[in-house]
Amino acid sequence: MSVENPLENVSKKETPEERENIELEISEKALIESLSSADFLKALKISGFETYKSGYETSFKLYISKEGSMELGEISKGGTDNMGEGPHEIISQEREGLLQEVSKGKVKDFAHLHFHPEPEGAIMPSEEDLIIMKQLDLDIEIICRIGTDKDIDALLLKLGKNIHPNELSDLVNCYYDELSKNGITNTSGRGDDATVQKILRDNGVENVMISYEFNRKTKKYTLSKESKEKIKKFGGLKIKI
């Protein structure tokens, strides 16, 4: 599934000595365009509605080529607690040949999006979420929540390069402990997203919460104006491929 208008605001850096390895700079504007394109919003709706209906986590990856074009991978369904359990049903297949291009180093999966099934409560990245992000060297992780009104909140994460995998468990326990002091869990206290975000930020994980508004007449999602301003402050990406 190709994304419309493939990242016009991407600049490529390539040295004569390293033709195989390049660095793509995705500006804030390009990131906003990517996260609000028609194809992305369509995949977001399919994934979110499946989680809303089934109560299972759903996910898809975002890929980028050396030329700067972006496309989406398969949309799949996991279990109630993580993507590794459950039926792992394929909802929508990726383009034929995409994974072969990834294995050849022509395309990189730079972002992973998944939905947590709880419609309320703070979005809390699990230890597994952060470990997978570290192991796969993802540039960005997007964890979503679809509410009973079908609006979608999405927590964007950039994991600090200096964070050691052994530190992730302590980090997760930190905000679970902090919220539990007030009797808050991941199924209550939606307003405590700010608490989780602050603890993540204080421990080297850049993050921002954005929202997608569901139009009941058109049945489509739009990225809110406020969210676009938040992404501008969040900054762009530098992706090595």
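Over the ring of which residue does the charged end of Lys45 sit? In this predicted model, the ring is that of Phe49, and the charged end of Lys45 is 5.5 Å from its centre. A second lysine is placed over a ring as well: Lys158 lies over the face of Phe234, 4.4 Å from the ring centre.

Aromatic rings also pair with one another. The whole structure holds five aromatic pairs. One of them joins Phe40 and Tyr212. The ring centres are 6.2 Å apart, the planes meet at 40°, and the pair is tilted. Phe40 belongs to helix H2 (residues 38–54), while Tyr212 belongs to strand S10 (residues 205–215). The two residues are 172 residues apart, and the pair links distant parts of the chain. Phe40 counts as buried because its relative accessibility, 1%, is under 20%. Tyr212 is buried too, at 2%. Another pair is formed by Phe49 and Tyr221. Its centres lie 6.4 Å apart and its planes are at 85°, so this pair is edge-to-face. Phe49 is in helix H2 and Tyr221 in strand S11 (residues 220–223), so parts 172 residues apart in sequence are tied together. Here burial is uneven: Phe49 is partly exposed, with a relative accessible area of 25%, whereas Tyr221 is buried at 3%. Phe40 and Tyr212 also share one aromatic cluster with Phe60.

Phe40 and Tyr212 appear again in the nonpolar interior. The largest nonpolar core has 39 residues. Both are among the residues with the most contacts inside it, as are Leu35, Leu44 and Phe110. Beyond its sequence neighbours, Phe40 touches residues including Leu35, Leu62, Leu72 and Leu113. Another core, of 21 residues, lies apart from the largest one. Among its members are Tyr175, Val196, Leu200 and Met209.

Polar side chains are found in buried positions as well. His116, in strand S7 (residues 107–116), is buried, with a relative accessible area of 12%. Its side chain makes a polar contact of 3.2 Å with the side chain of His114. The C-alpha atoms of His116 and Tyr56 are 7.7 Å apart, although 60 residues separate the two along the chain. Contacts of His116 beyond its sequence neighbours include Glu57, Asp129, Cys144 and Arg145. Lys77 lies in strand S5 (residues 75–77) and is buried at 9%. The side chains of Lys77 and Glu50 are joined by a polar contact of 3.1 Å.

The cysteines complete the account. The number of disulfides is zero. Cys144 is buried, with a relative accessible area of 0%. Cys174 is partly exposed, at 35%.

Terms used
Residues are numbered from 1 along each chain as its sequence is written. This is a predicted model: local features need pLDDT of at least 70, side-chain atom pairs count only at pLDDT 80 or more; totals for chains, interfaces and linings use all residues. Side-chain values use heavy atoms; hydrogens and water are left out. Helices (H or I, at least four residues) and strands (E, at least two) are DSSP runs, numbered from the N terminus. Buried means under 20% relative accessible area, exposed over 50%, partly exposed in between (1.4 Å probe, protein chains only). Contact means heavy atoms within 4.5 Å. A polar contact is a pair of N or O atoms within 3.5 Å; within protein, one must be able to donate a hydrogen and the other to accept it, and residues adjacent in sequence count only if both atoms are side-chain atoms. A nonpolar core is a set of buried Ala, Val, Leu, Ile, Met, Phe, Trp, Tyr and Cys residues joined through side-chain atoms within 4.5 Å. A disulfide is a pair of cysteine sulfur atoms within 2.5 Å. Rings of Phe, Tyr and Trp (its six-membered ring) pair if their centres lie within 6.5 Å; planes under 30 degrees apart count as stacked, over 60 as edge-to-face and the rest as tilted. A charge sits over a ring if NZ of Lys or CZ of Arg is within 6 Å of the ring centre and within 35 degrees of the ring normal. Lists of a residue's contacts leave out its neighbours within four places in sequence.
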